[in-house]
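Dear colleague,

Please find the structure below, handed over for your reference. My notes on it follow directly after.

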Amino acid sequence: MEVYRDLAGLRAALAEARAAGREVALVPTMGALHAGHVALVEAARRPGACVVASIFVNPKQFGANEDLSRYPRKEISDIAMLTDAGCDILWLPPVEAMYPDGFATNVSVTGVSDGWDGAARPGHFDGVATVVAKLFNQVRPARAYFGEKDFQQLAVIRRMVTDLDFEIEITGVPTQREDDGLALSSRNVYLLPEERAKAVALPRALGVAARTILGGGDTARALEDATAALVAAGFAVDYVALVDAETLVADPAPGRRRQLLAAARIGNTRLIDNLAVDPA
Ligand SMILES: Nc1ncnc2c1ncn2[C@@H]1O[C@H](COP(=O)(O)OP(=O)(O)OP(=O)(O)O)[C@@H](O)[C@H]1O
Ligand SMILES: CC(C)(CO)[C@@H](O)C(=O)[O-]
Ligand code: BAL
């Protein structure tokens with residue numbers, strides 16, 4: 001795997017790959033990689049493809065009181081993991097290259113960014129959309145891969161790609177989970193052992209609610225029960241909601257695909273998860 005920290009070097013390598021007829025696929029990440037990220041790289045790999053992963057802990061998507069300074073950074077093991085996964089190029093831009101003095105542009109995707117994590121983390125999705133637009137312009141991939149674990153983020157990026165005419169095929173990769181159901185996440189390392197044991201309440205609560213709602217049970221009651229189960233396990237709940245899987249509006253209209261979304265905090269760790277209600 002080749003590693004680039006300057007845009008000119010990256011662009012020269014990509015020009016060479018394209019000249020050789022290779023299709024460029026991008027996997028954007030913030031590093032501290034786990035099997036969820038590997039699943040994205042594996043989905044991106046195709047014969048003749050040039051798979052680019054990026055690692056950039058994007059300051060613009062962290063709020064003032066969030067975990068930017070303690071976000072896990074594991075460059076050496078990340079490089080080993082990406083090499084083993086068959087990634088071709090790693091793009092590791094320094095902050096000054098992404099946001100040089102005078103940087104003044106903001107990409108804001110209204111509507112789909114507004115609720116849920118957008119409301120809990122003001123400015124977060126502007127930061128995500130801005131950096132992903134930059135990564136798209138830097139790498140100019142034909143395809144890009146994002147995890148369904150960050151369900152609202154995926155919806156925001158799909159909207160941005162449509163609205164701004166990026167010629168990029170976006171693929172959402174199913175959430176990879178621990179054996180007990182907890183979604184893999186770089187932030188899981190923050191969990192103390194007793195919090196880790198209780199964290200399984202999050203996927204369990206969503207599973208119970210999805211079965212109830214699919215079975216025709218009362219939605220409001222199912223969401224209340226999920227919230228109560230999380231509180232009983234020691235979580236402070238930001239939201240548990242049933243939304244339209246495309247627009248993310250609450251109370252989806254009949255016939256629309258429904259998704260459960262949740263965010264909750266245990267100790268100093270904020271976890272998110274989601275689950276489709278309707279069979280694919
Ligand atoms: N468990 C997972 N399954 C599938 N994709 C995932 C999973 N976890 C993260 N991803 C995806 O990997 C990409 C990079 O995510 P990121 O580097 O922020 O990792 P993360 O584990 O989501 O970290 P965080 O703890 O900050 O949420 C995103 O598209 C994200 O949705
Ligand atoms: C998409 C992303 C790499 C943008 O910084 C980040 O939000 C993430 O890792 O999910
Ligand atoms: N995986 C989403 C990135 C974030 O929480 O900032």
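Cys-87 counts as buried, because its relative accessibility is 5% and the limit for that class is under 20%. Please bear in mind throughout that this is a predicted model.

The cysteines come up again in the disulfide count, which is 0. For Cys-50, the nearest cysteine sulfur belongs to Cys-87 and is 8.2 Å away, and Cys-50 takes part in no disulfide. Cys-87 is likewise in no disulfide, its nearest cysteine sulfur being that of Cys-50 at 8.2 Å. The pair is not counted because a disulfide requires the two sulfur atoms to be within 2.5 Å. Cys-50 is also classed as buried, with a relative accessibility of 1%.

Next, the salt bridges. The count comes to 18 salt bridges, and three of them are described here.

In one of them, the side chains of Arg-143 and Glu-23 meet with an N to O distance of 2.7 Å. This pair links distant parts of the chain: Arg-143 belongs to strand 5 (residues 143–147) and Glu-23 to strand 2 (residues 23–29), with their positions 120 residues apart in the sequence. As to accessibility, Arg-143 counts as buried at 1%, while Glu-23 counts as partly exposed at 34%.

Another salt bridge joins the side chains of Glu-169 and Arg-46, at 3.8 Å from N to O. Glu-169 lies in strand 6 (residues 169–173) and Arg-46 in the loop between helix 2 (35–44) and strand 3 (49–55), so this pair ties together parts that are 123 residues apart in sequence. Glu-169 is partly exposed, with a relative accessible area of 42%, and Arg-46 is partly exposed as well, at 41%.

A further salt bridge is formed by Asp-163 with Arg-159, whose closest N and O atoms are 2.7 Å apart. Here both residues lie in helix 7 (residues 151–163), 4 residues apart, which is about one turn of the helix. Asp-163 counts as partly exposed at 43% relative accessibility, and Arg-159 counts as partly exposed at 40%. Through salt bridges that share partners, Glu-23, Arg-46, Arg-143 and Glu-169 are joined into one network.

Finally, the surroundings of ligand 2. What surrounds ligand 2 in the model? The shell consists of Pro-28, Thr-29, Met-30, Asn-58, Gln-61, Val-128, Val-131, Val-132, Phe-146 and Gln-153. Two glutamine side chains approach oxygen atoms of the ligand: a polar side-chain atom of Gln-61 lies 2.6 Å from an oxygen atom of ligand 2, and an N or O atom in the side chain of Gln-153 is 2.6 Å from an oxygen atom of ligand 2. Taken alone, ligand 2 exposes 280 Å², of which the protein buries 88%. Strand 2 and helix 6 (124–139) are the elements that give two or more residues to this shell. Helix 6 provides the largest share, with 3 residues. Sorted by class, the shell has 6 nonpolar and 4 polar residues, and no charged ones.

Strand 2 therefore appears twice in these notes, since it holds Glu-23 of the salt bridge to Arg-143 and also contributes to the shell around ligand 2, by the element assignment used here.

With kind regards

Conventions: Residues are numbered from 1 along each chain as its sequence is written. Chains are lettered from A and ligands numbered from 1 in the order in which they are written. This is a predicted model: local features need pLDDT of at least 70, side-chain atom pairs count only at pLDDT 80 or more; totals for chains, interfaces and linings use all residues. Side-chain values use heavy atoms; hydrogens and water are left out. A salt bridge is a side-chain nitrogen of Lys or Arg within 4 Å of a carboxyl oxygen of Asp or Glu. Buried means under 20% relative accessible area, exposed over 50%, partly exposed in between (1.4 Å probe, protein chains only). A residue is near a molecule or strand if one of its heavy atoms lies within 4 Å of it. A polar contact is a pair of N or O atoms within 3.5 Å; within protein, one must be able to donate a hydrogen and the other to accept it, and residues adjacent in sequence count only if both atoms are side-chain atoms. Accessible areas come from the Shrake-Rupley method with a 1.4 Å probe; for residues, only the protein chains shown count as cover. Ala, Val, Leu, Ile, Met, Phe, Trp, Tyr, Cys and Pro count as nonpolar, Asp, Glu, Lys and Arg as charged, and the others, Gly among them, as polar.
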